[in-house]
Amino acid sequence: MTTSPEKVWLDDDNLWVILSDGRTIGAPLAWFPRLLHAEKKARDDFELSVHGIHWDSLDEDISIEGLLTGLGDQTHPKRNHAA
């Protein structure tokens, strides 16, 4: 069964999503620098899909699967600093 976003909104600090199964999840905007630094108009201009949320003007895609597993922006994966 796919859990899809039903409603999305952002406040000053968090992204909030109501899922089709009734859960509400939140994630800090600090996880998503493009959203954190975007103007309100750009933040509010998104599209919902079965699998997540897309902001065309910000080139940002957030999957529900990623939110549920606690993943933030994966554009720059953590580098291994071990010598």
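A salt bridge is a side-chain nitrogen of Lys or Arg within 4 Å of a carboxyl oxygen of Asp or Glu. In the predicted model described here, the side chains of Arg-34 and Glu-60 meet this description, with a distance of 3.7 Å from N to O. Arg-34 belongs to helix α1 (residues 33–36) and Glu-60 to strand β6, so the pair ties together parts of the chain that are 26 residues apart in sequence. The C-alpha atoms of Glu-60 and Arg-34 are 7.1 Å apart in space.

The overall architecture provides the setting for this pair. The secondary structure of the chain consists of three helices and six strands. Read from the N terminus, the elements follow the order β-β-β-α-α-β-β-β-α. Of the 83 residues in the chain, 31% are buried. The accessible surface amounts to about 5800 Å², and carbon and sulfur atoms account for 50% of this area. Among contacts between residues at least 6 apart in sequence, 38% join residues that are at least 24 apart.

The two partners of the Arg-34 and Glu-60 salt bridge were then considered by accessibility. Arg-34 has a relative accessibility of 30% and therefore counts as partly exposed. Glu-60 has a relative accessible area of 3% and is therefore buried, the limit for a buried residue being under 20%. The surroundings of Glu-60, which is placed in strand β6, include several residues distant in sequence. When residues up to four places away in sequence are not counted, Glu-60 touches Phe-32, Arg-34, Leu-35, Ile-53, His-54 and Trp-55. The salt-bridge partner Arg-34 is thus one of the residues that Glu-60 touches.

A search of the whole structure finds three salt bridges. One of them joins Asp-21 and Arg-23, whose closest N and O atoms are 2.7 Å apart. Asp-21 is partly exposed, with a relative accessible area of 33%, and Arg-23 is likewise partly exposed, at 40%. Another joins the side chains of Asp-44 and Lys-40, with an N to O distance of 2.5 Å. Asp-44 counts as partly exposed because its relative accessibility is 40%, whereas Lys-40, at 60%, counts as exposed.

Charged residues also appear together at the surface. Asp-45, Glu-47, Asp-56, Asp-59 and Asp-61 form a negative surface patch. Asp-45 is placed in the loop between α2 (40–43) and β4 (47–48). With a relative accessible area of 47%, Asp-45 is partly exposed. Asp-59 is found in the loop between β5 (52–55) and β6 (60–63). Asp-59 counts as exposed because its relative accessibility is 55%, and the limit for an exposed residue is over 50%. The backbone of Asp-59 was also noted: its phi angle is near 50°, a positive value in a residue other than glycine.

Buried positions were examined next. Leu-67 is part of helix α3 (residues 64–68). Its relative accessibility is 11%, so Leu-67 counts as buried. Not counting residues up to four places away in sequence, Leu-67 touches Leu-15, Val-17, Ile-25, Ala-27, Phe-32 and Ile-62. For one of these residues, Val-17, the separation along the chain from Leu-67 is 50 residues, while the C-alpha atoms of the two are separated by 9.4 Å. Phe-32 is among the residues touched by Leu-67, and Phe-32 is also among those touched by Glu-60.

Ser-4 provides a further buried position, located in the segment before β1 (5–10). With 16% relative accessibility, Ser-4 counts as buried. Leaving aside neighbours within four places in sequence, Ser-4 is in contact with Ile-18, Leu-19, Ser-20, Ser-49 and Val-50.

Terms used
Residues are numbered from 1 along each chain as its sequence is written. This is a predicted model: local features need pLDDT of at least 70, side-chain atom pairs count only at pLDDT 80 or more; totals for chains, interfaces and linings use all residues. Side-chain values use heavy atoms; hydrogens and water are left out. Patches are made of residues with over 30% relative accessible area and no salt bridge: like charges are joined within 9 Å, nonpolar side chains (Val, Leu, Ile, Met, Phe, Trp, Tyr) within 5 Å. Accessible areas come from the Shrake-Rupley method with a 1.4 Å probe; for residues, only the protein chains shown count as cover. Lys and Arg count as positive and Asp and Glu as negative; His and the chain ends are not counted. The place of a charge is taken as NZ of Lys, CZ of Arg, CG of Asp or CD of Glu. Helices (H or I, at least four residues) and strands (E, at least two) are DSSP runs, numbered from the N terminus. Buried means under 20% relative accessible area, exposed over 50%, partly exposed in between (1.4 Å probe, protein chains only). Contact means heavy atoms within 4.5 Å.
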